[in-house]
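Biologist: Before I accept the labels attached to this model, I would like to hear the reasoning behind each of them. Could we go through them in turn?

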Amino acid sequence: MNYNEQLRQKITAAEQRRTKLNANIEAAKPNEKTGFTEFIRDMLFGLGIKNIFYGIYDVVAVTAIIGAAVIALMSGLPVGERQINPHIYGIVFSASPALYLLFFLLSFLKERLEGSFEVKMTCRYTALHLCAFRMFLCGIFCMLFNALAAYIAALRFGFAFSELAAISFSSLFLFALVMILSLLRYGVKGCFIPLAIMGACLVLSVFPWFNMLLKNIPTAAYLILGITLLILNQSVLNKINRRFCYAVR
């Protein structure tokens, strides 16, 4: 066997080894990545609600107690309270995301202060996966809470429930989107951006022109805006999920 034939055999053997290695690598790759539906199913039935909220039960309890206290306070207000009526639209717009932001901040800051964030980032279900799913559940809860609050406000102060609910719906997901984008862009310091905007809107609610501006926007526009913001918010959460994507079980 001459030199050329030996060289050809070595090259052929090397190509065969490389082909086999590539085949093994492709076989080891997960075939199914988590889409949003698979992510929800895997978190619910793979990890479970108990583990999803592990370590922040006190945050859940504080949020629920504050929400119940707000509902009780609203239910006890006199019917047709004149001091509230002129400012109702601004108050609804400013206060609707409060419970959502409270839960988000308390849970996020607690994990940061306890030093568990870095540890969770090494797990199959990272801190980002937990945060994304918690915010998904919190968004559903806050929609129901805000709907109940809008219903009570409509009964107490004589406003249309559809108007208050639509304003609340769009405001919730507007601030939710601002919150998650601020945290991704600026880290913990980003928490102050949605809080500052919410505080500014609350101050503006004392001015009649701000309330008239909110009142004159059609209910359909609020609903379209809210749905658009909801889709954008879930898209961002899904990108967080895919940043540390894993195979579905």
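**Labels and their grounds**

Biologist: Why is the pair Cys142 and Cys138 not called a disulfide?

Modeller: I should say at the outset that this is a predicted model. The sulfur of Cys142 lies 3.9 Å from that of Cys138, the closest cysteine sulfur, whereas a disulfide requires two cysteine sulfur atoms within 2.5 Å, so the distance is too far for a bond. A search of the whole structure likewise finds zero disulfides, and Cys138 is accordingly in none, with the sulfur of Cys142 as its nearest at 3.9 Å.

Biologist: What makes Cys138 and Cys142 buried?

Modeller: The label buried applies under 20% relative accessible area. Cys138 has 7% and is therefore buried, and Cys142, with a value of 0%, is buried as well.

Biologist: How many helices and how many strands does the protein have, and how much of it counts as buried?

Modeller: There are twelve helices and zero strands, so that the pattern read along the sequence is α-α-α-α-α-α-α-α-α-α-α-α. Of the 249 residues of the protein, 39% count as buried. Among contacts between residues at least 6 apart in sequence, 83% join residues at least 24 apart.

Biologist: Why are α5 and α11 called roughly perpendicular?

Modeller: The axes of α5, residues 88–95, and α11, residues 208–216, cross at roughly 75 degrees and come within 7 Å. Angles of 65 to 115 degrees count as roughly perpendicular, and the two helices are therefore given that description.

Biologist: Which residues of α5 and α11 meet, and to which classes do they belong?

Modeller: On the α5 side they are Ile88, Tyr89, Gly90 and Phe93, and on the α11 side Phe210, Asn211, Leu214 and Lys215. By class, this contact has five nonpolar, two polar and one charged residues.

Biologist: What makes α5 mostly covered?

Modeller: Six of the eight residues of α5 are buried, namely Ile88, Tyr89, Gly90, Val92, Phe93 and Ser94.

Biologist: How do you know that the length of α9 is close to the expected one?

Modeller: Helix α9 covers residues 161–186, which is 26 residues, and reaches 37 Å from its first C-alpha to its last. The expectation at 1.5 Å a residue is 38 Å, and the span of α9 is close to that value. Just after α9, Gly187 takes a positive phi of about 75 degrees.

Biologist: Where do α9 and α10 meet, and at what angle do their axes cross?

Modeller: The axes of α9 and α10, residues 192–204, cross at roughly 145 degrees and come within 8 Å. The contact is made by Phe175, Val178, Met179, Ser182 and Tyr186 of α9, together with Ile193, Pro194, Ile197, Met198 and Cys201 of α10. These residues divide into nine nonpolar, one polar and no charged.

Biologist: What makes Ser168 buried, and which residues does Ser168 contact?

Modeller: Ser168 lies in helix α9. The relative accessible area of Ser168 is 3%, and the label needs a value under 20%, so Ser168 is buried. Leaving aside neighbours within four places in sequence, Ser168 is in contact with Val92, Ser96 and Asn146.

Biologist: Why is Gly67 called buried, while Val62 and Val70 are called partly exposed?

Modeller: Gly67 is found in helix α4, which runs over residues 57–75 and also holds Val62, and Val70 lies in α4 too. Partly exposed covers the range between the 20% limit for buried and the 50% limit for exposed. Gly67 has 4% relative accessibility and therefore counts as buried, whereas Val62 at 36% is partly exposed, as is Val70 at 34%.

Biologist: How do you know that Gly67 is in contact with Leu99, and how far apart in space are the two?

Modeller: Contact means heavy atoms within 4.5 Å, and, with neighbours within four places in sequence set aside, Gly67 is in contact with Leu99 and Phe145. From C-alpha to C-alpha, Gly67 and Leu99 are 7.0 Å apart in space, although they are 32 residues apart in sequence. For Val62 and Leu102 the C-alpha distance is 9.4 Å at 40 residues apart in sequence, and for Val70 and Phe145 it is 9.9 Å at 75 residues apart.

Terms used. Residues numbered from 1 in each chain as written. Predicted model: local features only at pLDDT ≥ 70, side-chain atom pairs only at ≥ 80, totals over all residues. Heavy atoms only, no water. Helix = DSSP H or I, 4+ residues; strand = E, 2+ residues; numbered from the N terminus. Expected span 1.5 Å × (residues − 1). Buried < 20%, exposed > 50% of the residue type's maximum accessible area, 1.4 Å probe, protein only. Axes fitted to C-alpha atoms, helices over the stretch in contact; angles between N-to-C directions. Parallel < 35°, antiparallel > 145°, perpendicular 65-115°, else oblique. Nonpolar A, V, L, I, M, F, W, Y, C, P; charged D, E, K, R; others polar.
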